[in-house]
Amino acid sequence: MGLWDKIFGEFIDVIEWTDNSSDTMVYRFERHNNEIKYGAKLTVRESQVAVFVNEGEIADVLGPGMYELETQNLPVLSTLQHWDHAFQSPFKAEVYFFNMRQFTDLKWGTKNPIMMRDAEFDMVRLRTFGTYTIRINNPETFIKEIVGTDGHFTVDEISDQLRNLITSRYATILGKLKVPVLDLASNYDQLSTFITERIAPEFNQYGLELTKVLVENISLPPEVEKALDKRTSMGMIGDLDKYLKYGAAQSMESGNSSTASSAMEMGIGLAMAQSMTGQQAPANAASTSAPPPLPTQQTWHVALNGTPAGPFDKAQIIDFIGKGQLKAETLVWANGMANWETAGTTEYFEGLLKAGQNTPPPMPK
């Protein structure tokens with residue numbers, strides 16, 4: 001800076017800052033050798049705060065208004081240095097203007113998916129994106145902890161650190177909430193409020209206020225989203241048989257043969273699947289259940305020549321009848337009978353005896 005700039009600076013008696021940008025948080029008013037003329041006017045606008053720094057120490061913090069830099073109007077100046085009216089002013093201090101408005105629409109998001117347990121899907125990976133809003137709430141802390149001697153501090157210089165802080169705390173908060181993945185979309189507002197309340201105290205350590213954190217989107221991996229879309233589509237279709245019939249009818253009306261062919265192919269495939277399922281079911285049933293036992297043939301005891309013999313089955317009894325050894329008056333007995341009875345009085349032998357009478361005698365030799 002040359003001599004002319006020095007002289008011009010000495011005669012400037014108005015200190016103010018109008019912000020032409022949208023991202024400046026702190027601006028240091030430039031003066032030649034940091035010299036400020038005695039009696040200069042300092043204008044602090046709404047949403048601004050001015051901080052005087054003398055010899056590396058904060059001398060005073062001024063809110064909105066107009067100040068005349070004299071010892072009677074600004075008592076802190078009496079503690080700085082002796083006043084002189086020459087060009088070589090002894091009043092040397094730095095003036096930092098702080099932008100106290102809210103800085104909105106700052107982006108945050110998870111760089112990598114967050115692993116978490118879910119009641120319905122067991123294990124899932126989630127990505128989350130959103131915005132947050134901050135503002136300076138303590139200029140002294142902010143200049144000490146963050147700004148330092150930076151003469152033009154923008155929000156970009158701290159946004160990465162704040163974004164990482166939100167993302168780190170968000171992963172822990174999401175795991176503790178234990179809200180099912182499919183219910184997160186209906187709880188964005190509650191989730192945003194909860195995150196803001198949990199993370200805001202850490203921003204205060206930087207002299208900042210975290211006014212709001214918004215969750216705009218929580219997404220699953222693409223392959224999981226495709227599976228959910230298929231599941232949703234199946235639920236929307238409902239009765240698949242009716243859906244196929246309706247699609248085929250619509251295709252026939254519109255004359256779209258290719259669509260009709262596709263619908264028919266789908267129907268044939270469905271019919272084949274049902275047929276295979278139907279064939280497999282009896283086979284499985286047969287393998288798991290045994291056939292019933294064969295019915296047992298009734299046997300009889302017969303008194304042949306006055307002597308009980310047997311038991312005999314039906315074939316043997318027919319042979320006895322044919323040979324004339326068993327007649328209507330022959331005594332017979334079977335399990336379940338109380339006493340011996342004649343064969344002619346039992347229903348079982350009645351038909352056999354009649355059949356035996358119609359049998360022709362053996363051929364003569």
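In the predicted model, K41 is partly exposed, with a relative accessible area of 30%. Its salt-bridge partner is E68, and the closest N and O atoms of the two residues lie 4.0 Å apart. This pair links distant parts of the chain: K41 belongs to strand β3 (residues 41–44) and E68 to strand β6 (residues 65–68), with the two positions 27 residues apart in sequence terms. E68 is likewise classed as partly exposed, at a relative accessible area of 28%. Because the partly exposed class lies between 20% and 50% relative accessible area, the values of 30% for K41 and 28% for E68 place both residues in it.

A second salt bridge connects R135 with E209, for which the closest N and O atoms are 2.9 Å apart. Distant parts of the chain are again linked, since R135 lies in strand β10 (residues 122–136) and E209 in strand β12 (residues 208–219), 74 residues apart. The relative accessibility of R135 is 28%, so this residue counts as partly exposed. E209 also counts as partly exposed, at 27%.

A third salt bridge is formed by the side chains of R28 and E30, with an N to O distance of 3.8 Å. R28 counts as buried because its relative accessibility is 18%, under the 20% limit for that class. In total, the count of salt bridges comes to eight, including the R28–E30, K41–E68 and R135–E209 pairs.

R28 falls within the residue range of strand β2 (residues 24–29), which is joined to strand β7 (residues 94–99) by four bridges, the two strands running antiparallel. Within this pairing, F29 stands opposite V95 of β7. Strands β2 and β7 are part of an open sheet of five strands, arranged in the order β5-β4-β7-β2-β11 with antiparallel pairing. The edges of the sheet are formed by β5 (57–62) and β11, each of which pairs on one side only. From one strand to the next, the twist averages 20°. Helix α3 (residues 156–177) packs on this sheet and touches β2 and β11; the direction of the helix makes about 35° with that of β11.

The edge strand β11 spans residues 152–154 and includes T154. With residues up to four places away in sequence set aside, T154 touches D23, T24 and M25. T24 and M25 lie in the range of β2 (residues 24–29). T154 counts as buried because its relative accessibility is 14%, a value under the 20% cut-off.

Over the chain as a whole, 10 helices and 16 strands are assigned. Of its 365 residues, 33% count as buried; R28 and T154 are among them. Contacts between residues at least 6 apart in sequence join, in 66% of cases, residues at least 24 apart. The exposed area of the chain is about 22900 Å², of which carbon and sulfur atoms supply 54%.

Key
Residues numbered from 1 in each chain as written. Predicted model: local features only at pLDDT ≥ 70, side-chain atom pairs only at ≥ 80, totals over all residues. Heavy atoms only, no water. Buried < 20%, exposed > 50% of the residue type's maximum accessible area, 1.4 Å probe, protein only. Contact = heavy atoms within 4.5 Å. Areas by Shrake-Rupley, 256 points an atom, 1.4 Å probe, with all protein chains shown as cover. Pairing = 2+ DSSP bridges. Axes fitted to C-alpha atoms, helices over the stretch in contact; angles between N-to-C directions.
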